[in-house]
Amino acid sequence: MDLGIKGRKAIVCASSKGLGKACAMTLAGDGVHVFINGRNAEVLEATAQEIREKTGSEVTAVACDVTTPEGREKLLAACPDPDILVNNAGGPPTGNFRDWDRDTWIKALDSNMLTQIELIKAVVDGMIERKFGRIVNITSGAVKAPINVLGLSNGARAGLTGFVAGVARTTVQHNVTINNLLPGPFETDRIEQVVAGEAKAKGISEEEARKSRMAANPSGRFGQPEEFGQACGWMCSAGAGYMTGQNILLDGGNFPGVI
Ligand code: NAP
């Protein structure tokens with residue numbers, strides 16, 4: 001599918017692996033110059049090379065921690081005028097809320113709410129001036145259907161979702177859209193952490209936790225990162241200018257609601 005964004009520039013945060021990488025791959029596949037990011041420089045460079053070889057597009061690797069002000073400055077210095085921003089960062093740890101102190105909460109808010117808001121603030125006015133912008137925040141299905149052991153994620157991402165719902169209505173008149181893409185269970189390193197947390201909380205083996213999670217999903221499986229990347233690509237496409245402030249769930253039908 002031609003997304004109509006060839007030659008555009010995209011910052012894709014936390015994209016050396018998993019869902020972010022799949023988003024970067026789809027965008028690069030459509031001729032977008034992607035600025036990818038991760039903390040481990042070696043893994044990041046290997047991913048950059050893989051994307052270049054598979055797509056022939058320009059890829060710039062920016063190794064930094066996106067949840068710090070210095071990290072965000074580095075990313076924005078490499079690409080001060082992105083047309084597309086895919087906001088992403090690692091998910092917070094699983095656990096019991098009785099064990100979390102203020103510092104734990106502030107770290108989760110930094111990673112999964114405030115970093116995304118800071119980056120939107122840094123790029124949105126340039127997008128408005130240029131009359132094109134696509135911002136996609138990778139959040140979580142936990143925003144719609146909270147997962148008990150992921151209380152830090154449930155809370156922090158709900159804050160981002162509320163913020164986006166307001167601001168997205170102020171930018172769409174300038175062809176700048178802001179939407180959230182909500183992953184259910186996808187086959188990445190992160191799902192292994194969540195499965196391990198669930199196994200511990202329920203006193204079952206990780207294999208049992210994994211199997212029961214898959215069996216409970218109408219699709220009978222976990223999603224593939226490429227399926228996530230394709231959806232992100234469409235949300236960043238030239239033709240997606242009339243959708244803003246939405247929360248799009250990709251979960252194999254796991255959420256049982258009608259809407
Ligand atoms: P993943 O496979 O573990 O990949 C995470 C990526 O983010 C890696 O490239 C990692 O590289 C990078 N990263 C992590 N923290 C970073 C930071 N502070 N600064 C820069 N880069 C960072 O995870 P994923 O499955 O793609 O998940 C992406 C997001 O979706 C997470 O927030 C996760 O909680 C959420 N989510 C995932 C699922 C799922 O089933 N996979 C479900 C719901 C929500 P480095 O470690 O080298 O920095």
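**Close-up views of a predicted model**

**View 1. Helix H4, from end to end.** With 29 residues at 1.5 Å a residue, H4 should span 42 Å, and its end C-alpha atoms are 40 Å apart, so the two values agree. This is a predicted model, as are the views that follow. The helix takes in residues 102-130. Along the way, H4 bends by about 50 degrees at Asp110. Just beyond the helix comes Lys131, with a positive phi of about 65 degrees.

**View 2. Ile117, a side chain within H4.** Here we zoom in on Ile117, which belongs to helix H4. Is Ile117 buried or exposed? Its relative accessible area is 18%, and the cut-off for buried is under 20%, so Ile117 counts as buried. Setting aside residues up to four places away in sequence, Ile117 touches Leu160 and Phe163. For a sense of scale, take Leu150 as a second marker: Ile117 and Leu150 are 33 residues apart in sequence, and their C-alpha atoms are 21 Å apart in space.

**View 3. Two residues with positive phi in loops.** Most residues other than glycine have a negative phi, so the two residues shown here are worth a look. Lys131 is not a glycine, yet its phi is positive, at about 65 degrees. Lys131 sits in the loop that joins H4 to strand S5 (133-138), and its relative accessible area of 48% makes it partly exposed. The other residue is Asn175, again not a glycine, with a positive phi of about 65 degrees. Asn175 belongs to the loop between helix H5 (151-171) and strand S6 (176-183). With a relative accessible area of 27%, Asn175 is partly exposed.

**View 4. Helix H1 and its surroundings.** Helix H1 covers residues 18-29, 12 residues in total. From first C-alpha to last, H1 reaches 17 Å, close to the 16 Å expected at 1.5 Å a residue. How many of the residues of H1 are buried? The count is 10 of the 12, so the helix is largely enclosed by the rest of the structure. The buried residues include Leu19, Lys21, Cys23, Met25 and Leu27; Gly20, Ala22, Ala24, Thr26 and Ala28 are buried too. Just after the helix, Gly31 takes a positive phi of about 90 degrees.

**View 5. Gly20, inside H1.** Gly20 is one of the residues of helix H1. Its relative accessible area is 0%, so Gly20 is buried. Which residues does Gly20 touch, not counting those up to four places away in sequence? They are Val12, Ala14, Ser15, Asn88 and Ile138. Phe35 gives another reference point, lying 15 residues from Gly20 along the chain, with 11 Å between the two C-alpha atoms.

**View 6. Leu44 and its contacts.** Leu44 is part of helix H2 (residues 41-55). At 1% relative accessibility, Leu44 counts as buried. Leaving aside neighbours within four places in sequence, Leu44 is in contact with Ser16, with Ile36, Asn37 and Gly38, and with Ala61, Val62 and Ala63. If you would like to place Leu44 against another part of the chain, try Gly126: the pair are 82 residues apart in sequence and 27 Å apart in space, C-alpha to C-alpha.

**View 7. Asn40, in the loop before H2.** Asn40 is found in the loop between strand S2 (33-38) and H2. Asn40 counts as partly exposed, at 44% relative accessibility. Asp65 makes a handy partner for a distance check: Asn40 and Asp65 are 25 residues apart in sequence, with 9.1 Å between their C-alpha atoms.

**View 8. The second largest pocket.** This last view turns from helices and loops to open space. The second largest pocket holds about 240 Å³ of space. Its lining includes Thr94, Gly95, Asn96, Phe97, Arg98 and Trp100; Asn148, Val149 and Gly151 line it as well, as do Gly197, Lys200 and Ala201. Which element gives the largest share of this lining? Helix H6 (residues 189-202) does, with three residues. Sorted by class, the lining of this pocket has six polar, four nonpolar and two charged residues.

Terms used:
Residues are numbered from 1 along each chain as its sequence is written. This is a predicted model: local features need pLDDT of at least 70, side-chain atom pairs count only at pLDDT 80 or more; totals for chains, interfaces and linings use all residues. Side-chain values use heavy atoms; hydrogens and water are left out. Helices (H or I, at least four residues) and strands (E, at least two) are DSSP runs, numbered from the N terminus. Buried means under 20% relative accessible area, exposed over 50%, partly exposed in between (1.4 Å probe, protein chains only). Contact means heavy atoms within 4.5 Å. On a 1 Å grid over the protein atoms alone, a cavity is a set of points where a 1.4 Å probe fits but cannot get out, and a pocket is an open set with protein on both sides within 12 Å along at least five of seven lines; lining residues have an atom within 4 Å of a point. Grid points are joined across faces, edges and corners, and a volume is the space filled by probe spheres set on the points. Ala, Val, Leu, Ile, Met, Phe, Trp, Tyr, Cys and Pro count as nonpolar, Asp, Glu, Lys and Arg as charged, and the others, Gly among them, as polar. The expected span of a helix is 1.5 Å times one less than its number of residues. The bend at a residue is the angle between axes fitted to the seven residues ending there and the seven starting there.
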